[in-house]
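Subject: Structure handover and notes

Dear colleague,

Here is the structure that I promised to pass on to you. Please have it open beside this message while you read, since the notes refer to individual residues.

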Amino acid sequence: LKTLSLITGIAVGAALIYGTLDMPKWGDINSPASTHVSAYYLKHSITDTATPNVVTSVLADYRGYDTLGETVVVFTAGMACIVLLKKRKGG
Amino acid sequence: MFEFIVNHYNYWAYVGLMMIGFYAMMAKRNLIKKIIGMNVFQSAIIFFYISTSVKGGGATVPILEYAHNGHGHNAVDIMQYANPLPHVLMLTAIVVMVATLGVALAVAILVFRRYNTLEEDEIIMQLKRG
């Protein structure tokens, strides 16, 4: 089982490294991640939300519903832990 | 060739970290070690995303300087600040990571209460015995 896991891990790692050959280089200003939509948030954050911290304005203002869903995730996890760890009668 | 390695070895470090976690999830018999492997795996993904937000040439954290003087209509040089979106997305991912870690540890506690062990092969032996 260990050798099988090792072979699978090396195979997946090789596939991932093959995938990184096309990635933009470290700190590339014109990489796809930092060209399309992120410039909009940096430019309009202060006029739209009056918040200097762009991460905060995106998290709590532009993506407010996403953050609401995040709290639902934490709530569900807490509820699951309570239900699982509750002492049962005769259990 | 050397320049290519210098520009890409960060990705290979994340792949290595990810495969360490993947191997731990598959090959380890102890359930706690499996959970630790899952966390290492998720951390590697978070490192990868954060590394995509780096901008060369002295870009800093995405907190706008001098934002509140004047009327707030200063032109923002987007090359001066790192990409904020991966940070936001990974904040969400960290929350999901903590949630999965908590539930996984709770289930591990339940397994320990039922079988008095966390080793997978011992649990399977107990199940076979009836």
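Below are the notes on the interface, the cores, a few single residues and the salt bridges.

Please keep in mind that this is a predicted model, in which local features need pLDDT of at least 70 and side-chain atom pairs count only at pLDDT 80 or more, while totals for chains, interfaces and linings use all residues. Residues are numbered from 1 along each chain as its sequence is written, chains are lettered from A and ligands numbered from 1 in the order in which they are written, and side-chain values use heavy atoms, with hydrogens and water left out.

The interface

In chain A, 47 residues are in contact with 50 residues of chain B, where contact means heavy atoms within 4.5 Å. The two chains bury about 4500 Å² between them, and carbon and sulfur atoms give 75% of this area; buried area here is the accessible area (1.4 Å probe) that two parts lose on being put together, summed over both. Trp26(A), Leu42(A) and Val55(A) supply 15% of the area that chain A buries against chain B, which is more than any other three residues.

Across this interface the rule finds zero salt bridges, a salt bridge being a side-chain nitrogen of Lys or Arg within 4 Å of a carboxyl oxygen of Asp or Glu. There are, however, seven residue pairs in polar contact across the interface of chain A and chain B, with both residues at pLDDT 80 or more. A polar contact is a pair of N or O atoms within 3.5 Å; within protein, one must be able to donate a hydrogen and the other to accept it, and residues adjacent in sequence count only if both atoms are side-chain atoms.

On the side of chain A that touches chain B, helix H1 (2-20), helix H2 (38-49), helix H3 (54-62) and helix H4 (64-85) of chain A each supply at least two residues, and H1(A) gives the most, with 10 residues. Helices (H or I, at least four residues) are DSSP runs, numbered from the N terminus.

The cores

The largest nonpolar core has 13 residues, of which Tyr41(A), Leu42(A), Val54(A), Val58(A), Leu64(B) and Val88(B) touch the most other members. Such a core is a set of buried Ala, Val, Leu, Ile, Met, Phe, Trp, Tyr and Cys residues joined through side-chain atoms within 4.5 Å. Elements giving two or more residues to this core are H2 and H3 of chain A together with H3 of chain B. Not counting residues up to four places away in sequence, Val54(A) touches Tyr41(A), Leu42(A) and Ser45(A), as well as Pro62(B), Leu64(B) and Pro84(B). Another core lies apart from the largest one and has eight residues, among them Leu31(B), Ala108(B), Tyr115(B) and Ile123(B).

Single residues

Ala82(B) lies in the loop between helix H2 (31-52) and H3 of chain B and counts as buried, at 11% relative accessibility; the classes are buried under 20% relative accessible area, exposed over 50% and partly exposed in between (1.4 Å probe, protein chains only). Leaving aside neighbours within four places in sequence, the contacts of Ala82(B) include Leu42(A) in the partner chain and Pro62(B) and His87(B).

Two residues other than glycine have a positive phi: Ala50(A), at about 55 degrees, and Asn116(B), near 60 degrees. Ala50(A) is in the loop between H2 and H3 of chain A and is partly exposed at 47%, whereas Asn116(B), in the loop between helix H3 (84-115) and helix H4 (120-129) of chain B, is exposed at 60%.

The salt bridges

Over all chains the count comes to three salt bridges. In chain A, the side chains of Arg63(A) and Asp66(A) meet at 3.1 Å, N to O. In chain B, Arg29(B) and Asp121(B) meet at 3.9 Å, N to O, and this pair links distant parts of the chain, 92 residues apart, with Arg29(B) in the loop between helix H1 (2-27) and H2 and Asp121(B) in helix H4. Glu120(B) forms a salt bridge with Lys34(B), with the closest N and O atoms 3.7 Å apart. Glu120(B) lies in helix H4 of chain B and Lys34(B) in helix H2 of chain B, so the pair ties together parts 86 residues apart in sequence. Of these two, Glu120(B) is partly exposed at 30%, while Lys34(B) counts as buried at 19%.

With best regards
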